[in-house]
Each structure stands twice: as C-alpha cells, then as structure tokens.
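Me: Please take a close look at one part of this structure, beginning with the annotated site and then turning to the ligand and its surroundings. A connected account would be appreciated.

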Amino acid sequence: MSHSADNSVPTVEPREQKINLLGLSASRLEEFFIELGEKRFRATQVMKWIHQAGVDDFAQMSNVAKPLREKLAAIAEIRAPEVVERHDSVDGTCKWIIRVEGGSCIETVYIPERDRGTLCVSSQVGCSLDCSFCATGKQGFNRDLTAAEIIGQVWIAAKHFGQFDSKATRRVTNVVMMGMGEPLMNYRNVVDAMSLMLADNGYGLSKRRVTLSTAGVVPMIEKLGDEIDVSLAISLHAPNDELRNELVPINRKYPLAQLIDASRRYLTKMPDIHRKITVEYTLIDQVNDRREHAEQLAALLVDLPCKINLIPFNPFDAVDYRKVSNNSLHRFRDILQQAGYIVTVRTTRGDDIAAACGQLAGSVNDKTRRSERHRAKRAAREEIIASG
Ligand code: SF4
C-alpha cells in the first residue's frame with residue numbers, strides 16, 4: 001500500500017457514538033468518506049486495511065494521511081465483538097463464544113477439512129422461528145446482529161488463524177450463514193456482511209463459497225436473488241406440509257410449494273446455469289426418517305436442481321427427539337440416490353465442544369421468555385413421568 005499525503009483535512013468534532021467501520025459495505029464506506037469530504041479511494045484503502053490486513057487501529061494505516069487518520073480516530077472505530085471463550089476440539093473444529101452489545105453471547109464455529117475451512121456464522125442473537133428440533137430456537141429471540149457483528153465473526157477467525165499476515169495455519173475458505181438465527185430475518189445486515197465476504201477488497205471469497213441457509217422466508221429469497229449472488233441452502237427437514245408445519249413452523253406461513261418455487265426462481269437469477277440449491281434435511285428417529293418420507297422428498301424435489309445434505313439430529317436436553325439409527329439413515333440416503341440425487345451425509349464434528357449442527361445455543365437474553373416456557377414444560381413432563 002502506497003503512502004499518500006493529504007493535508008487539506010477539515011477539523012471534525014468528536015461524535016458521541018463512534019461509527020464502527022467494520023460492518024460498512026464498500027458502497028457504505030464510500031458514502032462515509034464522501035460525506036467527510038474525502039475521495040472515494042479512501043474507502044478502498046481503509047477497507048483493505050480492515051479486511052485484508054486485520055488492522056483495527058487507524059494509526060497503523062500508513063498510506064492514509066496522518067490528519068485523516070486522526071480525524072477517523074475521533075469519529076470512527078473498527079471494533080469486532082468480544083471473544084469470551086474459544087474451545088478447540090480434538091478433530092480441529094474450533095468454537096468461539098462471542099459477547100455482543102447488550103451482553104448476550106453468540107457462537108461461531110470453524111470446521112477444517114482437508115482442502116478447505118468452513119466458518120459457520122451466526123446472524124441473530126437467538127431465533128424467533130422456533131423450529132422444534134433446534135437448540136437456538138429454544139433460547140428465544142433477543143435481537144438481530146449488526147453487520148459489524150456478523151462480519152466480525154469472520155474477522156475474528158481470520159485473525160486467530162493468522163490469515164491477515166500470510167502466516168496462516170488455517171484459512172477461512174468458505175462461509176455458511178448457518179449459525180444462530182434466521183439470516184433472512186436480518187436481511188440488510190446479512191447482505192452487507194456477505195458483500196464484504198465476496199468483495200475483492202474484502203475477503204475475496206467466491207460466490208460458490210458463501211452460502212446462506214434459510215428455513216424458508218420466501219419473500220426475502222426473491223429479494224436476495226435480485227441483490228447478491230451467493231449459494232442458497234434451504235432447511236427443509238420434512239417432505240410434506242403437515243410434518244413441516246410441526247418441525248419448521250414458518251411453513252404455516254410459507255408452505256413447501258412456495259419455498260420450492262422461490263428456490264427455483266432464485267437459481268434462474270444466477271448467471272451460472274450449473275448452480276444447485278442445497279437441501280438440508282435433519283433426520284430425527286421415527287419422526288421424518290421413514291421410507292415414505294424419503295420417497296415423498298424425492299418426488300417433491302424432482303424439478304429443483306439440488307443436492308441433498310442429510311444431517312443426523314444431535315440430541316440436546318430441551319427436546320425428546322432421538323438421533324436417527326444407522327439403518328434408517330442408510331435407507332433414506334439410498335432411496336434418494338436411487339432416485340438420482342446427489343446426497344451427502346454430514347458427519348458430526350466438534351462433538352466434544354458442542355459445536356455440532358443444531359447445538360449452537362450461546363447464552364441469549366431471551367426477550368420472548370421461550371426458554372422459560374420450555375423449562376416449565378419439561379419439568380411438568382418429568383413430574384408426570386416420575387409420578388408413574
Ligand atoms: S433451525 Fe434455524 S431458523 Fe429454525 S429455530 Fe433454529 S436457528 Fe432458527
């Protein structure tokens with residue numbers, strides 16, 4: 001980065017609340033500098049310092065003129081959320097507990113594989129959609145994460161692995177918006193954060209390596225396809241409306257036919273005709289793992305270019321669901337494969353640090369009091385069992 005001197009910087013009074021530049025997309029950062037009376041290229045310089053060099057101190061931005069650095073320090077900041085704990089699994093999976101403004105905690109998980117490293121990023125503190133098998137849903141909903149708190153999770157992981165100073169032990173090569181929360185319920189902030197993941201002056205990830213996973217907020221799928229080009233995953237978990245209404249309650253508002261249609265339309269908006277939707281299906285013992293469920297799923301997806309990811313359910317305290325048996329899992333996979341689908345089975349990772357899919361719970365300050373209701377229901381159930 002070259003040094004460029006500029007002494008014509010007007011004096012700016014410090015603002016009460018500093019603006020956090022970490023979460024500003026390229027266009028928002030440009031607007032910020034133009035409002036300051038600066039040239040557009042300052043946005044590119046600062047963006048590279050933040051997202052490619054991992055710098056959070058304006059004083060280190062050596063190609064930005066000193067008066068501008070001082071002005072920025074007075075009115076702005078680069079602030080990632082605070083890491084409270086990090087857990088490292090024996091299999092290399094890494095989980096961060098991150099405290100966000102207001103005191104609640106979210107979780108971010110890194111899953112290393114031979115040729116890539118996937119970061120599972122959270123979009124909300126808790127979740128309002130209350131899927132019946134999901135640990136996050138049981139925590140209730142507190143608030144949307146800001147764009148800075150979303151991209152901050154990538155920044156934290158990249159910094160931890162030394163990605164910013166090319167001494168990387170590992171790298172974040174893929175991001176899945178599949179942590180806590182429903183990303184399409186926090187549309188603006190998620191899209192801004194994903195634009196930084198994709199940006200050449202940001203993390204430069206390919207559009208195939210950034211995936212948004214939704215439980216099916218249909219109108220927002222339409223909007224997403226008009227605005228950004230990322231891979232789309234849909235969390236289906238059931239092959240018919242009756243069962244899906246029970247497992248994924250947003251299905252009552254946007255039933256399966258609408259979700260499949262919206263997904264198909266999303267693909268038609270993508271310039272690359274070979275793209276596929278990823279269909280996620282969590283297999284729960286005796287609930288959605290029967291032969292007829294697999295056959296219904298095969299029929300349901302017949303016109304949707306897709307690949308299917310089967311996820312064995314990870315049991316946790318607040319629910320009575322059990323993990324699928326190996327027999328049912330293999331039968332389910334075989335039926336789909338025989339119908340011509342590409343099927344992968346997600347192997348459970350980070351079991352020893354509770355980092356597996358569906359186990360992310362953080363510690364949410366639950367505004368909906370849902371976790372209390374769940375605890376009360378569970379206590380009542382146990383009392384009935386104990387009294388015979
Ligand atoms: S599965 Fe996803 S959408 Fe459903 S409650 Fe959990 S976090 Fe929310």
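Reply: Strands are DSSP runs of at least two residues, numbered from the N terminus. The model is predicted. An unreviewed UniProt entry places the feature "active site" at Glu-107 and Cys-357. Of these, Glu-107 lies in strand 5, which spans residues 105-113. Because 20 or more other C-beta atoms within 10 Å count as buried, Glu-107, with 25 of them, is buried.

Turning to the ligand, the residues around it include Cys-127, Leu-129, Asp-130, Cys-131, Met-180, Glu-182, Ala-215 and Ser-235. By class, this shell has 6 nonpolar, 4 polar and 2 charged residues. Leu-129 and Ala-215, both from the shell, are also touched by Ile-250. Ile-250 sits in the loop between helix 8 (241-247) and helix 9 (256-269). With 23 other C-beta atoms within 10 Å, Ile-250 is buried. Gly-216 and Val-217 are further contacts of Ile-250; the C-alpha atoms of Ile-250 and Gly-216 are separated by 7.1 Å, although the two residues are 34 residues apart along the chain.

Helix 9, which follows that loop, also packs with helix 7 (residues 218-227): their axes come within 9 Å and cross at roughly 0°. Helix 7 is therefore roughly parallel to helix 9. In this contact, helix 7 contributes Val-218, Ile-221, Glu-222, Gly-225 and Asp-226, while the residues from helix 9 include Leu-259, Ala-262, Arg-265 and Lys-269. By class, the contact has 5 nonpolar, 3 polar and 4 charged residues.

Note on methods. Residues numbered from 1 in each chain as written. Predicted model: local features only at pLDDT ≥ 70, side-chain atom pairs only at ≥ 80, totals over all residues. UniProt positions renumbered as here; feature names shortened; annotations may be inferred. Helix = DSSP H or I, 4+ residues; strand = E, 2+ residues; numbered from the N terminus. Buried ≥ 20, exposed ≤ 12 C-beta atoms within 10 Å, placed from the backbone. Near = placed C-beta within 6 Å. Nonpolar A, V, L, I, M, F, W, Y, C, P; charged D, E, K, R; others polar. Contact = placed C-beta atoms within 7 Å. Axes fitted to C-alpha atoms, helices over the stretch in contact; angles between N-to-C directions. Parallel < 35°, antiparallel > 145°, perpendicular 65-115°, else oblique. Lists of a residue's contacts leave out its neighbours within four places in sequence.
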